[in-house]
Amino acid sequence: MTVDPWNDLTAAAVEAMGHAYAPYSHFPVGAAALVEDGRLVTGCNVENAAYGVGLCAECGLGSQLHLTGGGRLTHFVCVNGDGDVIMPCGRCRQLLFENGGPDLLLLTVSGVRRMDQVLPDAFGPEALDAAHHDD
């Protein structure tokens with residue numbers, strides 16, 4: 001990756017989007033992220049006739065992250081079928097927060113934003129730790 005990783009990440013997200021399975025919504029999505037150790041992880045959405053069990057591109061990306069050694073995400077982008085940058089949905093913002101924390105950088109429709117800007121006051125592992133200390 002270059003010093004400015006956004007072009008490479010967007011290209012990887014577009015490539016991942018080409019593998020999406022979206023026969024119902026016709027809205028393919030691809031996602032790509034950098035891991036703190038320099039790995040690139042990607043994902044695409046996979047729909048299902050039972051709509052509620054479809055998987056967002058971010059789900060596949062998270063699985064690939066853990067399958068290939070885990071770590072923390074540092075940079076993230078997702079694109080639609082036209083290759084345009086889109087915002088991750090609320091569920092996916094939570095998945096990204098879990099794997100990247102508040103410092104994760106996202107390329108958004110409004111430019112580069114930190115995770116804590118696109119998911120302020122996020123629920124994370126610290127909230128569970130605090131609950132366990134209350135026992």
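Which residues is Met-115 in contact with, leaving aside its neighbours within four places in sequence? Select Met-115 and look around: the partners are Arg-93, Leu-96, Phe-97, Gly-101, Pro-102, Leu-104 and Leu-106, where contact means heavy atoms within 4.5 Å.

Before moving on, a word about the model. It is predicted, so local features need pLDDT of at least 70 and side-chain atom pairs count only at pLDDT 80 or more, while totals for chains, interfaces and linings use all residues. Residues are numbered from 1 along each chain as its sequence is written, and side-chain values use heavy atoms, with hydrogens and water left out.

**Stop 1: the cores**

Keep Met-115 selected and add Leu-73 and Phe-76. These three touch the most other members of the largest nonpolar core, which has 19 residues. A nonpolar core is a set of buried Ala, Val, Leu, Ile, Met, Phe, Trp, Tyr and Cys residues joined through side-chain atoms within 4.5 Å. Buried means under 20% relative accessible area, exposed over 50%, and partly exposed in between, with a 1.4 Å probe and protein chains only.

Now colour the elements that give two or more residues to this core: strand E1 (30–35), helix H2 (57–67), strand E3 (73–79), helix H3 (90–100) and helix H4 (115–118). Helices (H or I, at least four residues) and strands (E, at least two) are DSSP runs, numbered from the N terminus. For a second, separate core of 10 residues, pick out Leu-9, Ala-12, Leu-34 and Val-77, which are among its members.

**Stop 2: strand E1**

Next, select E1. Six of its six residues are buried, so E1 is largely enclosed by the rest of the structure. Gly-30, Ala-32 and Leu-34 are buried on one side, and Ala-31, Ala-33 and Val-35 on the other.

Add strand E2 (residues 40–44), which pairs with E1 in the antiparallel sense over five bridges; two strands pair if DSSP finds at least two bridges between them. Here Ala-32 has Thr-42 as its bridge partner. The two strands form a hairpin with four residues between them, and Gly-38 in the turn has a positive phi of about 100°. E3 also pairs with E1 in the antiparallel sense, over six bridges, and Val-79 in E3 is the bridge partner of Gly-30.

**Stop 3: helix H2**

Move to H2 and highlight Ala-57, Glu-58, Cys-59, Leu-61, Gly-62 and Leu-65, the buried residues of this helix. Their cover includes E1, E2, E3 and H3. After H2 comes Gly-69, with a positive phi near 125°.

**Stop 4: two loop residues**

Buried or exposed: which describes Gly-101? Gly-101 is in the loop between H3 and strand E5 (105–108), and it counts as buried because its relative accessibility is 3%. Not counting residues up to four places away in sequence, Gly-101 touches Arg-72, Leu-96 and Met-115.

Then jump to Val-53, in the loop between E2 and H2. Val-53 counts as exposed because its relative accessibility is 52%.

**Stop 5: the largest pocket**

Finish by selecting Phe-27, Val-29, Asn-45, Leu-55 and Cys-56, which lie nearest the centre of the largest pocket among its 20 lining residues. That lining divides into 14 nonpolar, four polar and two charged residues.

Key:
1 Å grid on protein atoms, 1.4 Å probe; cavity = no way out; pocket = protein on both sides within 12 Å on 5 of 7 lines; lining within 4 Å. Nonpolar A, V, L, I, M, F, W, Y, C, P; charged D, E, K, R; others polar.
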